[in-house]
Amino acid sequence: MYELVQEYYGKTLQNSGDLKTTACCDISQVPEWLRSLLSNVHDEVLDRYYGCGLVAPALLEGCRILDLGCGSGRDVYVLAQLVGKTGSVVGIDMTSEQLEVARRHQAYHAEKFGYDNITFIEGYIEQLDQMGLEPHSFDIIVSNCVVNLSPNKEAVLSGVKHLLKAGGEFYFSDVYANRRVPNEVKNDPVLYGECLGGALYWNDFLRIAHQFGFIDPRLVEDRPLYVTDPVLKNKVGSIQFYSATFRLFNLDQLETACEDYGQAVIYHGTIPEHPHRILLDKHHDIESGKVFPVCGNTWLMLQDTRFSKHFTFIGNFSKHYGIFQGCGSVIPFENTVINLSGQCC
Ligand SMILES: C[S@@+](CC[C@H](N)C(=O)[O-])C[C@H]1O[C@@H](n2cnc3c(N)ncnc32)[C@H](O)[C@@H]1O
C-alpha cells in the first residue's frame, strides 16, 4: 500500500483539481480569520493541498504541533502562523515529492512570517517512535486526510498517544464509511488513493480510539462525500462516505460515557478569534458569559487542558446524577443529501 499511495500523491496527482471526490474543502467554509493566514501560503503549496477538513483548533499560540502526513505543507504553514515564534510545528510525510514542495518554500515562509519554527521529516506515521521525537512532547497532533491511507491505523494511534502531552489532543480530519468497506473496494488502487478504500467504518474507529486510551472521541464537524467519477461511483455502490473532524483528548480520567455530576462552565470570551462563543465539538457550542451545563468528561476537557484559564468551573465530582443527556447520538454523522451542481471539487 505504501508504494501505491506514494505513487498517487507523488506522481499521479498534480493538484487538488485532479481528485475524484468532493473531499477537498470548499474555500467558502474556511472562516475569515483563517483565510488571511492561507493567503500568506505559497501558491504551489496551496495547489497541492489534498486535505478533507480544517485542522486549526482554537488557542494555539506557543504550542508544539505535529502534522501527520503533512503533504506539501499547507496546514503546517498555517499552523506555524497560529503558534507564532514561541511555538513550533513538525510535519511528517513519506512521499518525497510532497516534502520537496513543502521544503522548497520554507525560506519563503520564514521571511514572510519573520521566523522559522518548522521542521519537516520524511518517514512513516506508523513509526513515530523512530524519528527522535521526545515522548509526551506535543501539545497537539493534527492530520488531514491521512489516517485512512495507513495500512496500520492501530500503530498510528499508539504513536500519537505516546507523543502527546497529558491534556494534549489529536485533532484530525479524515474519511469514514457508514459500514465496513468490502475488499473489492479496499483493493481498488484509485479508490484507496482517493482516501475511500482505506476509510474506517466510523464505529470501528471509535473502538480503536478506545483501545489506545482515547476514551471519549469528540466529533467536531462532518459532511457527506460524493464520488464524482462515474466509474468509481459505480464501484462504491451504496457505501456512504463522510469527511469528519474528531478531537481526541489525552486525558486518562475520562469515562466511557458522559456522566452527570451537576457541573457547569462559564466561558470568559477570552480565546482569540472566539469572543462570543467557543465550539468544543458538534454538541458543545459554548456562548460566552452563560452558565453552560456539562458532563464530567467535558468538564475535564476544559479544566485539564490549555482551555482551563478561559473558563469558570462550577461544581465537582462529589455527587452523581446519572447519565448526561445531549453529548451525541447513535450515528454521529449527518446524512444530508445535497445537490452536487456547483460544488468546488
Ligand atoms: C490526502 S494527502 C493529504 C496531504 C496533506 N495532509 C494535505 O492536507 O494536503 C495524504 C498524504 O499523506 C501521506 N501519507 C499517506 N500515508 C502515509 C504514511 N503511512 N506515512 C507517512 N505519510 C503518509 C501521503 O504521502 C500524502 O502526502
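Select strand β4, residues 138-144. Seven of its seven residues are buried, so this strand is largely enclosed by the rest of the structure. Keep in mind throughout that the model is predicted.

**Neighbours of β4**

Add strand β1, residues 64-68. β1 and β4 pair in the parallel sense, with four bridges between them. To find one of these positions, pick I65, whose bridge partner in β4 is I140.

Now add strand β5, residues 164-177. It runs parallel to β4, and six bridges join the two. Here the position to pick is I141, which stands opposite F170 in β5. To follow the chain from β4 to β5, show helix α7, residues 153-163: the chain passes through this helix on the way, and the β-α-β crossover is right-handed.

**The nonpolar core**

Where do the residues with the most contacts inside the largest nonpolar core sit? Select I65, L79, I141 and V175, which hold that place in a core of 90 residues. Both domain 1 (2-249) and domain 2 (263-314) give residues to this core, so it lies between them.

Centre the view on I65. Leaving aside residues up to four places away in sequence, I65 touches L79, V83, V89, F138, D139, I140 and V142. One of these contacts, I140, is also the bridge partner of I65 in β4.

**Helix α4**

L79 and V83, both touched by I65, lead to the next selection: helix α4, residues 74-83. Is this helix enclosed or open? Ten of its ten residues are buried, so α4 is largely enclosed by the rest of the structure. The buried set includes charged-looking labels to click on, R74 and D75, as well as Y77 and Q81. Step one place past the helix to G84, which follows α4 and has a positive phi, near 75°.

**Two domains**

Colour the chain by its domain assignment, which gives domain 1 (2-249) and domain 2 (263-314). The C-alpha centres of the two domains lie 26 Å apart. Their contact takes twelve residues from domain 1 and 13 residues from domain 2.

Which elements give two or more residues to the side of domain 1 that touches domain 2? They are β7 (218-225) and β8 (241-249). Four residues come from β7, the largest share of that side. By kind, the residues of this side of domain 1 divide into six nonpolar, one polar and five charged.

**Helix α12**

Next, select helix α12, residues 296-303. Seven of its eight residues are buried, so α12 is largely enclosed by the rest of the structure. The buried ones are G296, N297, T298, W299, L300, M301 and L302. Show what they pack against: β8, along with β9 (263-267), β10 (277-281), β11 (284-287), β12 (291-294) and β13 (311-314).

**A last stop at E184**

Finish with E184, found in helix α8, residues 183-186. Is E184 buried or exposed? E184 has 11 other C-beta atoms within 10 Å, and a residue counts as exposed at 12 or fewer, so E184 is exposed. For a distance to check in the viewer, pick the C-alpha atoms of E184 and G53: the two residues are 131 apart along the chain, and these atoms are separated by 27 Å.

Conventions. Residues numbered from 1 in each chain as written. Predicted model: local features only at pLDDT ≥ 70, side-chain atom pairs only at ≥ 80, totals over all residues. Buried ≥ 20, exposed ≤ 12 C-beta atoms within 10 Å, placed from the backbone. Pairing = 2+ DSSP bridges. Right-handed = clockwise from strand over helix to strand, strands pointing away. Core = buried A, V, L, I, M, F, W, Y, C linked by C-beta atoms within 7 Å. Domains from an automatic or database assignment. Contact = placed C-beta atoms within 7 Å. Nonpolar A, V, L, I, M, F, W, Y, C, P; charged D, E, K, R; others polar.
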